[in-house]
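Me: I would like to go through the labels attached to this model. For each one, set the value against its cut-off and conclude.

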Amino acid sequence: MIQIKGVTSFYTGLDDKKIRAVDNLSLQIQQGEHLSIIGPNGSGKSTLAKLLNALLVPDEGEIIVDGMCTGDENNLWDIRQRVGMVFQNPDNQIVATSVEEDVAFGPENLGVPPQEILKRVDESLDLVGMGKFKNRAPHTLSGGQKQRVAIAGVIAMLPEYLVLDEPTTMLDPQGRDEVLATVDFLKKKGKSIIYITHFMEEIIPSDRVVVMDEGRIILEGTPREIFENSSLLKEVNLDVPPIAALADALRREGLPIGRPLQVKEMVSELWPLLS
Ligand code: ADP
């Protein structure tokens, strides 16, 4: 479990002014959970992600990862191994000249024995559907494929928690679908997923969602519960996905429609009304 207890994190701006990026935030993340964190630009999502794996340490409050405080330097390596991070730009995460070497880089740094590394590389690449590309040069891959290699590199370190910080933002629609399918697959395999995004549709598959604004949590619930608060979402410049918005509009016209989030659910709602 990750326990975030009253955490505040500041940056110092150009004029020495303090920017409160995360503001007295408390949250618990269970092992095996798929949690999405959504919020407008500048709401503190990335800062929170960096706090989770001790790239940043709270200025106030504390974060405990499976019993270890991120503020204690002795825990640094354990925490970084336990909380794997995938960032927005796949190009910044690729370090080697072949896919295989790239995925091996993390476990090598952890001092994993060579035979075990070979096994982990194969297993991780299979998990993200990139087994066939083992000997390829990363620069010949598409954005979505590179991002899947980056995910494999993190998985190869056997993290308990996988934090993905806007992993689809720089990808084309196909790359986005590939990464989302990979996340879904990893979730089914029992990995804990902490998924940061500003794309509303991407929160639909998660178990729980927190909405952030100005460093604080302003809303928490299942995806369906989140979309029921469309006016609050609009206030912070987040849009409900088209299907939820259409259902809202039809409900306002008096049609007895529930809270569908996906096309299939919308068809099930509409079909009885049309036949
Ligand atoms: P998000 O990921 O939701 O876009 P961030 O965590 O990146 O939000 O940023 C939260 C706030 O902290 C914003 O006001 C942003 O401008 C500020 N900030 C982020 N990184 C830095 C930095 N390195 N130096 C100064 N201010 C920063």
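The turns below take the ligand site, the salt bridges, the surface and some loop residues in that order.

Me: What should be known about the model and the numbering?
Reply: This is a predicted model, in which local features need pLDDT of at least 70 and side-chain atom pairs count only at pLDDT 80 or more, while totals for chains, interfaces and linings use all residues. Residues are numbered from 1 along each chain as its sequence is written, and side-chain values use heavy atoms, with hydrogens and water left out.

Me: Which residues are around the ligand, and what makes a residue count as near?
Reply: A residue is near a molecule if one of its heavy atoms lies within 4 Å of it. The shell around the ligand consists of Tyr11, Ile19, Ala21, Pro40, Asn41, Gly42, Ser43, Gly44, Lys45, Ser46 and Thr47. Helix 1 (45-52) and strand 2 (18-29) each supply at least two residues of this shell; helices (H or I, at least four residues) and strands (E, at least two) are DSSP runs, numbered from the N terminus. The largest share, 3 residues, comes from helix 1.

Me: How do the residues of the shell divide into nonpolar, polar and charged?
Reply: There are 4 nonpolar, 6 polar and 1 charged. Ala, Val, Leu, Ile, Met, Phe, Trp, Tyr, Cys and Pro count as nonpolar, Asp, Glu, Lys and Arg as charged, and the others, Gly among them, as polar.

Me: What makes the approach of Lys45 to the ligand a polar contact?
Reply: A polar contact is a pair of N or O atoms within 3.5 Å; within protein, one must be able to donate a hydrogen and the other to accept it, and residues adjacent in sequence count only if both atoms are side-chain atoms. A polar side-chain atom of Lys45 is 2.8 Å from a ligand oxygen atom, within the 3.5 Å limit. Backbone atoms also take part: a polar one of Gly44 is 3.1 Å from an oxygen atom of the ligand, and an N or O of Ser46 is 2.8 Å from a ligand oxygen. Of the 560 Å² of accessible area that the ligand has on its own, the protein covers 61%. Such areas come from the Shrake-Rupley method with a 1.4 Å probe; for residues, only the protein chains shown count as cover.

Me: Why is the pair of Glu166 and Lys45 called a salt bridge?
Reply: The term requires a side-chain nitrogen of Lys or Arg within 4 Å of a carboxyl oxygen of Asp or Glu. The closest N and O atoms of Glu166 and Lys45 are 3.9 Å apart, so the pair meets the definition. Glu166 lies in the loop between strand 7 (161-165) and helix 6 (173-188) and Lys45 in helix 1, so the bridge ties together parts 121 residues apart in sequence. The structure holds 22 salt bridges.

Me: How do you know whether Glu166 and Lys45 are buried or exposed?
Reply: Buried means under 20% relative accessible area, exposed over 50%, partly exposed in between (1.4 Å probe, protein chains only). Glu166 has 7% and is therefore buried. Lys45, at 4%, is buried as well.

Me: What is the N to O distance between Lys134 and Glu100, and why is each partly exposed?
Reply: Their side chains meet in a salt bridge at 3.8 Å, N to O. Lys134 is in the loop between helix 4 (114-127) and helix 5 (143-155), and Glu100 is in helix 3 (residues 99-109), 34 residues apart. Lys134 has a relative accessibility of 23%, so it counts as partly exposed. Glu100 also has 23% and is therefore partly exposed.

Me: What makes Leu255, Val263, Val267, Trp271, Leu273 and Leu274 a patch?
Reply: Patches are made of residues with over 30% relative accessible area and no salt bridge: like charges are joined within 9 Å, nonpolar side chains (Val, Leu, Ile, Met, Phe, Trp, Tyr) within 5 Å. These six form a nonpolar patch on the surface with about 620 Å² of accessible area together. Leu274, found in helix 10 (residues 263-274), has 65% relative accessible area and is therefore exposed.

Me: Why are Asp16 and Asn237 called exposed?
Reply: Asp16 has 62% relative accessibility, so it counts as exposed. Asn237 has 69% and is therefore exposed. Asp16 is in the loop between strand 1 (2-12) and strand 2, and Asn237 is in the loop between helix 8 (230-235) and helix 9 (242-252). Asp16 has a positive phi of about 65° although it is not a glycine, and Asn237 has a positive phi of about 65° too.
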